[in-house]
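Student: I have a new structure to read. Can we work through it with short questions?

Tutor: Yes. Keep it open beside you.

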Amino acid sequence: MVLDPFSSMLSFFPVIGLATLGGFLCQKSGVWNIAVEGMMAFGTFSGIFAYHYFGQSIWLSLFFGFLLGLVFGLVLSILCVRFNLDQIVVGFGLWFISEGLAGFLYFTLLPSVRVSETFGPKLLSLDPMFYFTLASFAILHFLFKNTKQGLAIIATGENPKAADVAGIDVYKVRLISTMLGSAFIGLAGSYLSLVILQGFTYKMVAGYGWTAFALILFGRWTTSGIFFGSLFFTFLIGVQIRLQVLGILFLPSEFMVIIPHIGVIIVLALAGVLGRKAGMPASLGVHYERE
Amino acid sequence: MKKEAFSDTISSLLYILSALVITLGLSFMISSWLIQRNLGDIIHFFLASSFGSTDNFLRMLTRTTPLLITTLGLIIAFNSGMWNIGGEGQIIIGVIVSTGICLFLDLPPNSSIFLAFLTSFLVSGVYAAFAGFLKAKWNVNEVAITMMQNFIVIALLQWLIDDPWNWGVGLYPRTDMIPIGTRLPFIYHPLNLTFFVGITLVILIHYMLNRTILGYELQAIGSNIKAAFSQGINTSRLITISMLISGGVCGLAGSSLVLGEYFRAQAGITSNYGFYAIAAALIADNKPMLAPIASLLISIICEGVLGLAALGLPHRLGQVIIGLIYIVIIFPKAMRWFRRSV
């Protein structure tokens with residue numbers, strides 16, 4: 001798994017990056033997706049499930065993880081956008097459902113599966129998913145900066161009423177962003193189980209979903225913020241793994257995953273104290289109902 | 001008017017019960033198909049673990065107590081319109097503080113029990129009030145802050161039981177047992193004194209919310225903060241106070257876990273109670289008097305699913321069922337099936 005310094009430093013980037021990006025897309029359109037951890041957990045299961053049943057192909061399994069993420073996103077957006085249920089409660093519910101379901105289904109449906117293949121082809125000892133993540137961030141940046149669709153997503157997150165008046169279908173925009181975002185989260189999960197840890201254990205996501213959630217807030221809801229945030233955090237994990245191998249600890253490992261959480265509290269509190277805008281979409285978590 | 005409210009409460013209770021039965025029934029049917037076992041067996045094992053014997057029943061009540069206390073804590077915050085989802089972290093603060101006091105302060109047992117409860121309440125309250133203060137003063141989103149706090153404190157506990165407070169050779173992530181004198185006595189094994197603490201808190205909090213000025217003001221800012229402000233209620237002070245009490249009560253749940261149930265701090269000591277209590281508070285419709293029933297229901301599910309492990313059914317099923325409950329409970333509210341909210 002840990003082969004050479006460069007790749008091990010960045011091997012976690014698809015997991016953190018894609019999950020952060022997915023959650024970001026949901027939040028930008030005004031839907032708190034606090035089930036990131038659970039959707040990733042379900043992604044880890046669905047990747048392994050597809051690997052076992054649909055012919056041992058990592059590419060196909062990753063795609064299956066993506067598809068099931070899409071399904072969970074559909075459920076989330078039906079409940080939160082169509083039925084206007086409270087997003088925090090639904091998020092908690094989906095978190096427990098998907099995490100529990102992942103463990104439950106794995107232990108009832110599958111024998112213990114090991115992924116033996118390595119994922120390739122590699123360029124500069126980094127696998128295709130790394131470049132896919134980079135490309136996704138680039139596309140996202142382009143989407144929000146230069147396209148009508150990106151602007152529609154931002155508008156529904158900031159002021160759905162105005163967006164509706166301007167002729168944007170708020171429900172549709174939220175539905176699509178939530179589904180796509182959740183699909184990316186599922187993909188991140190299945191990458192974690194298929195490529196990095198090469199198997200399934202219960203609770204293998206181990207807080208990375210919440211880290212991704214924190215990174216969105218830490219990046220203050222900007223594409224560049226979440227990109228550099230997740231890159232920096234990936235780098236920290238890489239350093240941690242290196243140092244653990246050498247037997248040096250600069251921080252107890254328990255504190256690794258929560259660095260972004262501390263960052264979030266500082267960033268949000270500071271933004272409040274200084275009277276700056278934290279950059280949070282104004283209608284994040286707010287229901288929209290047509291009158 | 002009063003009669004309508006009453007019939008609405010009845011119909012929403014009926015809804016909740018039937019929704020629970022349907023959710024459980026469906027999950028059992030699916031799992032009986034998955035593991036190829038008789039549905040009757042599953043229901044039998046599920047119920048036996050809570051109602052099979054006096055011992056099981058009392059154990060279930062013991063497990064309910066911390067959940068009940070946490071639910072009460074959250075209800076205070078929810079009544080004042082604060083989304084305190086930091087219950088998990090607040091319990092853990094209580095766990096850390098109580099374990100620390102009982103293990104490392106060499107006090108007479110009774111005073112260390114008293115001090116453990118008091119300090120847990122204060123530390124955990126101040127810890128939660130931090131989020132309330134940020135919200136009140138600068139309108140910082142409390143959902144984000146309390147959630148982030150959870151993970152910081154979970155990591156803190158994990159570090160403490162892995163390293164400085166670890167007992168023995170580090171095989172198990174847990175601390176030493178607290179001295180025998182500081183363990184709360186059993187009323188009737190395995191039911192212990194914390195059960196009475198829980199029941200007392202139900203009455204106290206019911207009284208506080210419905211019969212005192214503070215409670216009135218808390219409910220006022222919960223139902224309409226702008227109206228409350230224009231009536232001259234100091235909203236920012238009240239938001240902080242509401243989080244202080246809410247977090248403090250959740251901290252008491254932590255001390256009761258240490259002093260009454262586990263007698264040490266260990267990994268997974270909270271069993272997700274901080275999060276499950278949100279579901280319980282939703283079932284109880286933010287009413288302290290309904291909290292015992294609500295937390296009992298959640299607890300029956302948790303225990304029942306542990307019993308199903310004997311059939312080879314992974315107890316993760318419990319997590320799925322409670323997840324479903326979250327969604328099922330809030331459904332009628334959005335659909336406006338009842339005049340009053342559920």
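Student: How many residues does the largest nonpolar core have?

Tutor: Bear in mind that this is a predicted model. The residues with the most contacts inside the largest nonpolar core include A:Ala19, A:Val36 and B:Ala279. B:Ala280 is also one of them. The number of residues in that core is 203.

Student: Which residues does B:Ala280 touch, not counting residues up to four places away in sequence?

Tutor: Begin with B:Leu67 and B:Thr71, which are among them. Then add B:Ala291, B:Ala294, B:Ser295 and B:Ile298. The full list is B:Leu67, B:Thr71, B:Ala291, B:Ala294, B:Ser295 and B:Ile298.

Student: Which helix gives the most to the side of chain B that touches chain A?

Tutor: The contact takes 36 residues from chain B and 37 residues from chain A. On chain B, α1, α5, α6, α11 and α13 each supply at least two residues. One helix gives the most, with twelve residues: α13(B).

Student: How many nonpolar residues are on the side of chain B that touches chain A?

Tutor: Sort that side by class. Five residues are polar and three are charged. The nonpolar count is 28.

Student: How many helices does chain A have?

Tutor: Read along the sequence, chain A follows the pattern α-α-α-α-α-α-α-α-α-α-α-α. Its strands number zero. Its helices come to twelve.

Student: Why is chain A said to be as compact as a globular protein of its length?

Tutor: The globule rule gives 19 Å for 291 residues. The computed value for chain A is close to that, so chain A is as compact as a globular protein of that length. Its radius of gyration is 19 Å.

Student: What share of the residues in chain A is buried?

Tutor: The C-alpha trace of chain A spans about 55 × 45 × 35 Å along its principal axes. A residue counts as buried if 20 or more other C-beta atoms lie within 10 Å of its own. Of the 291 residues in chain A, the buried share is 51%.

Student: Which helices do the buried residues of α12(A) pack against?

Tutor: Helix α12 of chain A has 15 residues and reaches 21 Å from its first C-alpha to its last. Its buried residues include A:Ile259, A:His261 and A:Leu268. They pack against helices from both chains: α10 and α11 of chain A, together with α6 of chain B.

Student: Is A:Trp221 buried or exposed?

Tutor: A:Trp221 sits in the loop between α10 and α11 of chain A. It has a positive phi of about 55° although it is not a glycine. It has 20 C-beta neighbours inside 10 Å, so A:Trp221 counts as buried.

Student: How many C-beta neighbours does B:Ser271 have inside 10 Å?

Tutor: B:Ser271 is in the loop between α10 and α11 of chain B. It is not a glycine, yet its phi is positive, about 40°. B:Ser271 counts as partly exposed because its C-beta neighbours inside 10 Å number 15.

Student: Which residues is B:Gln158 in contact with, leaving aside its neighbours within four places in sequence?

Tutor: B:Gln158 lies in helix α6 of chain B. It is partly exposed, with 19 other C-beta atoms within 10 Å. Its contacts come from chain A and chain B: A:Glu254 and B:Ala267.

Technical notes:
Residues are numbered from 1 along each chain as its sequence is written. Chains are lettered from A and ligands numbered from 1 in the order in which they are written. This is a predicted model: local features need pLDDT of at least 70, side-chain atom pairs count only at pLDDT 80 or more; totals for chains, interfaces and linings use all residues. Two residues are in contact if their C-beta atoms, placed from the backbone, lie within 7 Å. Helices (H or I, at least four residues) and strands (E, at least two) are DSSP runs, numbered from the N terminus. Ala, Val, Leu, Ile, Met, Phe, Trp, Tyr, Cys and Pro count as nonpolar, Asp, Glu, Lys and Arg as charged, and the others, Gly among them, as polar. A nonpolar core is a set of buried Ala, Val, Leu, Ile, Met, Phe, Trp, Tyr and Cys residues joined through C-beta atoms within 7 Å. A residue is buried if 20 or more other C-beta atoms lie within 10 Å of its own, exposed if 12 or fewer, and partly exposed in between; C-beta atoms are placed from the backbone. The radius of gyration is taken over C-alpha atoms; the globule rule is 2.2 Å times the number of residues to the power 0.38. The expected span of a helix is 1.5 Å times one less than its number of residues.
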